[in-house]
Amino acid sequence: MASVSVGVRVSVCSSYPSLALSSRDVSLPSSSSSLYFGRKIHRSSFDADLKLRRTKPVLAVINSSRVPELDSSSEPLQVFDGSTRLYISYTCPFAQRAWLARNYKGLQDKIELVPINLKHRPAWYKEKVYPANKVPALEHNNRVIGESLDLIKYIDTNFEGPSLAPNSAEKEAFADELISYTDSFSKAVRSTLSGADSDAADAAFDYIEQALSKFREGPFFLGLFSLVDIAYIPFIERYHLIFKDVMNVDITSGRPNLALWIEEMNTIEAYTETRQDPQELVERYKIRAQAEAARP
């Protein structure tokens, strides 16, 4: 029963609540990035091509149907019994990536969702399931795979359902570039939220706006919905809400591609099923920010 954790990126939640970032030094792409193609938003027949599970935009989140989180008082699961389980936290953006990939591929009956309370996590989770004691983690074929960016690729490769992989060499190269930028993106946005760099978030969101203009099949990063959209949406979901509430800034203002991307993401049921309650999300951020400000 092996525990596998591949990759160097920070793509797990180890604390509660978390918008954890990489501490490594990374540089933000310049405004002259080759990603800008000056194209206008172009909507096409991507809905028919992808057969997206669509719904009307969902801005409220219904939590009553969600499985209760397991905490320190929960009885241990019978692990490594042949079942496939995805361990997540409802509040973790990294875990949301894997949860969304599982939902989009229609694997609700094949991959059991096991939510963990990160504030009061069960001792047996570290002892019997995943020694790293983080989420997300996937129990599959008598081993455990961690790290969200590796996990979403693993789920796409090893399970049935609509493909989330790039469908051309050009898109694959661009996807690698965008995936590599995820840490830099979050670090830049957080530096503005913390007051360290007032301009960093604008540059980061401009980079996303430009990236969304490259492929014309649809409003997603690679034109069609892919792993790249899954990698970014949990964080942009949070930043969109936090900037609007805390800083009175709409990150989509002057960024029509980003606005359309968020609009289209909110029509994908596989994603809206994973959304947090916006008010609760913002309140948790404020509590954590106050606690961090009070530290000596």
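The disulfide between C13 and C92 is right-handed, because the torsion about its S-S bond is about 95°. The two sulfur atoms of C13 and C92 lie 1.9 Å apart, inside the cut-off by which a disulfide is a pair of cysteine sulfur atoms within 2.5 Å. A search of the whole structure finds 1 disulfide. The pair ties together distant parts of the chain, with C13 in the loop between β1 (2-5) and α1 (46-50) and C92 in the loop between β2 (85-88) and α2 (93-104), 79 residues apart. These element names follow DSSP runs, with helices (H or I) of at least four residues and strands (E) of at least two, numbered from the N terminus. Are the two cysteines buried or exposed? C13 is buried, with a relative accessible area of 0%, and C92 is buried as well, at 1%. Here buried means under 20% relative accessible area, exposed means over 50%, and partly exposed is in between (1.4 Å probe, protein chains only).

A word on the model helps before going further. The structure is predicted, so local features need pLDDT of at least 70 and side-chain atom pairs count only at pLDDT 80 or more, while totals for chains, interfaces and linings use all residues. Residues are numbered from 1 along each chain as its sequence is written, and side-chain values use heavy atoms, with hydrogens and water left out.

Next comes the chain as a whole. Its secondary structure comes to 11 helices and 5 strands. Of its 296 residues, 52% count as buried. The chain exposes about 13,700 Å², of which carbon and sulfur atoms supply 48%; such areas come from the Shrake-Rupley method with a 1.4 Å probe, and for residues only the protein chains shown count as cover. Among contacts between residues at least 6 apart in sequence, 77% join residues at least 24 apart, where contact means heavy atoms within 4.5 Å.

Two single pairs show how residues separated in sequence sit in space. S74 belongs to the loop between α1 and β2 and counts as buried at 17% relative accessibility. The C-alpha atoms of S74 and P122 are 6.7 Å apart, although 48 residues separate them in sequence. E280, found in helix α11 (residues 278-294), counts as partly exposed at 43% relative accessibility. Between the C-alpha atoms of E280 and T91 there are 9.8 Å, with their positions 189 residues apart along the chain.

The backbone holds some curiosities around strands β4 and β5. Most residues other than glycine have a negative phi, and most peptide bonds are trans. The peptide bond from V135 to P136, however, is cis, with omega near 5°. P136 lies in the loop between α3 (123-129) and β4 (137-140). N141, in the loop between β4 and β5 (143-146), has a positive phi near 55° without being a glycine. E147, in the loop between β5 and α4, also has a positive phi, about 75°, and is not a glycine either. How do these two residues fare for cover? N141 counts as exposed at 59% relative accessibility, whereas E147 counts as buried at 10%.

After E147 the chain enters helix α4 (residues 148-158), which is mostly covered, with 8 of its 11 residues buried. The buried residues are S148, L149, D150, L151, I152, Y154, I155 and D156.

Finally, how do the helices pack against one another? The axes of α7 (residues 200-211) and α9 (residues 256-265) come within 8 Å and cross at roughly 75°; axes are lines fitted to C-alpha atoms, for helices over the stretch in contact, and angles run from 0 to 180 degrees between N-to-C directions. This crossing makes α7 roughly perpendicular to α9, a label for angles of 65 to 115 degrees. F205, I208 and E209 of α7 make the contact with P256, N257 and L258 of α9. These residues divide into 4 nonpolar, 1 polar and 1 charged. In this scheme Ala, Val, Leu, Ile, Met, Phe, Trp, Tyr, Cys and Pro are nonpolar, Asp, Glu, Lys and Arg are charged, and the others, Gly among them, are polar.

Helix α8 (residues 227-246) and α11 have axes that come within 10 Å and cross at roughly 70°, which makes α8 roughly perpendicular to α11. On the α8 side the residues are E237, R238, L241, I242, D245 and V246, and they meet P278, L281, V282, Y285 and K286 in α11. By class, this contact has 7 nonpolar, no polar and 4 charged residues.

Notes:
Angles under 35 degrees count as roughly parallel, over 145 as roughly antiparallel, 65 to 115 as roughly perpendicular and the rest as oblique.
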